[in-house]
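Here are my notes for your read-through. Please keep the structure open beside them.

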Amino acid sequence: DPNLAPRLNASKRLIRTPLDDVTKFEQSVAEVVRREHVNNTLTVVVVNSIKTAQDTAKQLRKSGTDDGATVELLHSRFRQPDRDRALDRVLAGPQDGKGLVVVSTQVIEAGVDLSARTMVTECAPWSSIVQRAGRCNRWGELGDARVVIVESSSKGPYDPDEVATAWEVAGRLHGEIVTPDSLAAVHVDAS
């Protein structure tokens with residue numbers, strides 16, 4: 001399938017970023033997003049809990065981005081009509097010369113067909129990182145896409161040992177150009 005090749009070779013640079021202050025997680029993530037967001041593009045932020053997603057979106061709405069990006073929130077507790085409307089806005093992409101920042105939980109890992117220039121993700125088990133990274137440069141159309149992995153807040157549903165292992169793996173890959181296949185092929189020791 002000729003349409004599949006660009007997706008399989010969709011490259012992105014993997015960056016591991018410790019936070020300035022993990023006790024102020026949402027503020028620290030918002031700072032990373034402001035630094036990494038490229039004007040007039042789509043940035044997807046994935047965190048590990050609904051409360052963290054809500055608080056991060058609130059922080060980003062307050063502090064903003066250089067291009068005045070619209071901030072959308074997606075998580076599993078939306079009522080279906082509200083979720084459908086939010087998803088329509090997300091899938092429409094950046095509008096009116098302003099960027100779009102989507103703050104989400106793991107609901108975005110599968111079934112949402114979008115392609116972000118920048119992905120900022122809270123560290124999670126490696127299989128989740130691979131799924132999340134699939135929403136960055138999904139169609140292989142961008143030459144300078146980035147997946148930025150920030151350390152975990154430790155609030156969320158994941159096993160802390162699996163998250164710690166993924167953080168260590170992200171450190172080994174820091175700065176490298178990765179593809180969906182190369183990420184999926186990484187051997188992660190189960191602790």
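Which residues point one way from β4, and which the other way? Leu100, Val102 and Ser104 take one direction. Val101 and Val103 take the other. The points below work outward from there. Keep in mind that this is a predicted model.

1. **Burial of β4.** The residues pointing either way from β4 are all buried. That is 5 of the 5 residues of the strand, so β4 is largely enclosed by the rest of the structure.

2. **Sheet order.** The sheet is open and has 7 strands, ordered β3-β4-β2-β5-β6-β1-β7. Its pairing is mixed. The edges are β3 (70–74) and β7 (177–178), each of which pairs on one side only.

3. **Neighbours of β4.** β4 covers residues 100–104 and pairs with β3 in the parallel sense, over 5 bridges. Glu72 has Val102 as its bridge partner in β4. For Val71, the partner in β4 is Val101. β2 also pairs with β4 in the parallel sense, again over 5 bridges. Here Val44 has Val102 as its bridge partner.

4. **Crossover.** The chain leaves β3, runs through α4 and enters β4. This β-α-β crossover is right-handed.

5. **Helix α4.** This helix holds 13 residues, 80–92. At 1.5 Å a residue it should span 18 Å, and its end C-alpha atoms are 18 Å apart, so the two values agree. Gly93 follows α4 and has a positive phi, near 80°.

6. **Largest nonpolar core.** This core has 32 residues. Those that touch the most other members are Leu14, Val44, Val102, Ile108, Trp126, Ile149 and Leu183. β2, α4, β4, α5, β6 and α6 (160–173) each supply at least two residues. The largest share, 6 residues, comes from α6.

7. **Second core.** Apart from the largest core lies another, of 20 residues. Its members include Val29, Val45, Ala69 and Leu73.

8. **Leu14.** Leaving aside residues up to four places away in sequence, Leu14 touches Trp126, Val147, Ile149, Ala170, Leu173, His174, Gly175, Glu176, Val178 and Leu183. Trp126, Ile149 and Leu183 are also named among the core residues that touch the most other members.

9. **His37.** Is His37 buried or exposed? Its relative accessibility is 8%, under the 20% cut-off, so His37 counts as buried. The residue sits in the loop between α2 and β2. Residues up to four places away in sequence aside, His37 touches Thr43, Thr65, Asp67, Ala69, Gly99, Leu100 and Val101. Two of these contacts, Leu100 and Val101, belong to β4 and point opposite ways from that strand. The C-alpha atoms of His37 and Val102 are 11 Å apart, with their positions 65 residues apart along the chain.

10. **Lys58.** Lys58 lies in helix α3, residues 50–63. With 60% relative accessibility, Lys58 counts as exposed because the cut-off is over 50%. Its C-alpha atom is separated by 17 Å from that of Lys155, and the two residues are 97 residues apart along the chain.

Technical notes: Residues numbered from 1 in each chain as written. Predicted model: local features only at pLDDT ≥ 70, side-chain atom pairs only at ≥ 80, totals over all residues. Heavy atoms only, no water. Helix = DSSP H or I, 4+ residues; strand = E, 2+ residues; numbered from the N terminus. Expected span 1.5 Å × (residues − 1). Pairing = 2+ DSSP bridges. Core = buried A, V, L, I, M, F, W, Y, C linked by side-chain atoms within 4.5 Å. Buried < 20%, exposed > 50% of the residue type's maximum accessible area, 1.4 Å probe, protein only. Contact = heavy atoms within 4.5 Å. Right-handed = clockwise from strand over helix to strand, strands pointing away.
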